[in-house]
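Biologist: I should like to learn how to read a protein model feature by feature. May we begin with the overall plan of the chain and then turn to single residues?

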Amino acid sequence: DFGDDDASNDNLVDKRIWDCAAATLKLCIHQNFIVDGIKRDRLPWLGDVVVSLMANAYSIHNAECIRWTLSVLGRCGMEKLYGSTTNNAFDEKVGARVQVAESHVNGIADYSLWFFICHWLYQRYFSDESFLQQEWQLLETRLINLIELCSDKEKGWFIDHESEWVFIDWT
């Protein structure tokens, strides 16, 4: 069962597209974790999570796989910057720029920004205040990291560094 298929309006072509898309989404949820296209690299890329999150919310409404994916991706790389993955790790900050680049979600500054958008979308579609409270310190730590290390405070611009790469995703 792939959820409500009202979008098809009983049109055979629309129904087949719906069924194929819903089946693909289900295949991309591997061990309760959202991964990239099942015939691609099968890695958890946050740029793909945002699209899967919205499709999931509309079709199968599986909040658990989204929570798990955001929770794990949000913590990945934090130990390179802070030496641990605890939520209060900001107090142990190490200043090397390379560590900052490696601390971004998927190692990409843009994906760290998508991380916040994904959390906003998750709340919009699932209204899960307990998950927001659980993740709040991590969200705050990631936001402080971006503000402190990736922004020009005088101009208010997001800045890149030689040790990082800017990736404009299709998302």
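Modeller: From the N terminus on, the elements run α-β-β-α-α-α-α-α-α-β-β. Please keep in mind throughout that this model is predicted.

Biologist: How many helices and how many strands are there in the chain?

Modeller: The chain has seven helices and four strands.

Biologist: What share of the residues of the chain counts as buried?

Modeller: The chain has 171 residues, and 39% of them count as buried. The surface can be described as well: the chain exposes about 9900 Å², and carbon and sulfur atoms supply 56% of that area.

Biologist: What do the contacts tell us about residues that are at least 24 apart in sequence?

Modeller: Consider the contacts between residues at least 6 apart in sequence: 66% of them join residues at least 24 apart.

Biologist: Let us turn to empty space. How is it found, and what volume does the largest pocket have?

Modeller: The general idea is that a probe the size of a water molecule, rolled over the atoms, shows where empty space is left. In this model, the largest pocket has a volume of about 310 Å³. Its lining consists of 17 residues, and those closest to the centre of the pocket are T24, L25, C28, V51 and S52.

Biologist: Which helices each supply at least two residues of that lining, and how do the lining residues divide by class?

Modeller: Helix α1, residues 12-27, and helix α2, residues 46-58, each supply at least two residues of the lining. By class, the lining has ten nonpolar, four polar and three charged residues.

Biologist: I have read that the sign of phi deserves attention. Which residue in the loop between β1 and β2 should I examine?

Modeller: The general idea is that most residues other than glycine have a negative phi. Q31, in the loop between β1 (29-30) and β2 (33-34), has a positive phi of about 50° although it is not a glycine. Q31 counts as exposed because its relative accessibility of 68% is over the cut-off of 50%.

Biologist: What is the phi of H61, and where is H61 found?

Modeller: H61 is found in the loop between α2 and α3. The phi of H61 is near 55°, again a positive value in a residue other than glycine. H61 has a relative accessibility of 46% and therefore counts as partly exposed, since that class lies between 20% and 50%.

Biologist: I60 is found in the loop between α2 and α3 too. Is I60 buried or exposed?

Modeller: I60 counts as buried, because its relative accessibility is 19% and the cut-off is under 20%. I60 and A22 are 38 residues apart in sequence, yet their C-alpha atoms are 8.0 Å apart in space.

Biologist: Which other pairs should I compare in sequence and in space? I should like to start with Y58.

Modeller: Y58 lies in helix α2. Y58 and Y125 are 67 residues apart in sequence and 8.5 Å apart in space, C-alpha to C-alpha. Y58 is exposed, because its relative accessible area is 51%, over the cut-off of 50%.

Biologist: What does W68 touch, beyond residues up to four places away in sequence?

Modeller: W68, in helix α3 (residues 63-75), touches N32 and F33 when residues up to four places away are not counted. W68 and F33 are 35 residues apart along the chain, and their C-alpha atoms are separated by 6.4 Å. W68 is partly exposed, with a relative accessible area of 45%.

Biologist: Let us end with S112. Where does S112 lie, and is S112 buried or exposed?

Modeller: S112 lies in helix α6, residues 109-126. S112 is buried, because its relative accessible area is 2%, under the cut-off of 20%. Not counting residues up to four places away in sequence, S112 touches H104, V105, R142 and L146. With V105 there is a further detail: a polar atom of the S112 side chain lies 3.0 Å from the backbone nitrogen of V105.

Notes
Residues are numbered from 1 along each chain as its sequence is written. This is a predicted model: local features need pLDDT of at least 70, side-chain atom pairs count only at pLDDT 80 or more; totals for chains, interfaces and linings use all residues. Side-chain values use heavy atoms; hydrogens and water are left out. Buried means under 20% relative accessible area, exposed over 50%, partly exposed in between (1.4 Å probe, protein chains only). Contact means heavy atoms within 4.5 Å. Accessible areas come from the Shrake-Rupley method with a 1.4 Å probe; for residues, only the protein chains shown count as cover. On a 1 Å grid over the protein atoms alone, a cavity is a set of points where a 1.4 Å probe fits but cannot get out, and a pocket is an open set with protein on both sides within 12 Å along at least five of seven lines; lining residues have an atom within 4 Å of a point. Grid points are joined across faces, edges and corners, and a volume is the space filled by probe spheres set on the points. Ala, Val, Leu, Ile, Met, Phe, Trp, Tyr, Cys and Pro count as nonpolar, Asp, Glu, Lys and Arg as charged, and the others, Gly among them, as polar. A polar contact is a pair of N or O atoms within 3.5 Å; within protein, one must be able to donate a hydrogen and the other to accept it, and residues adjacent in sequence count only if both atoms are side-chain atoms.
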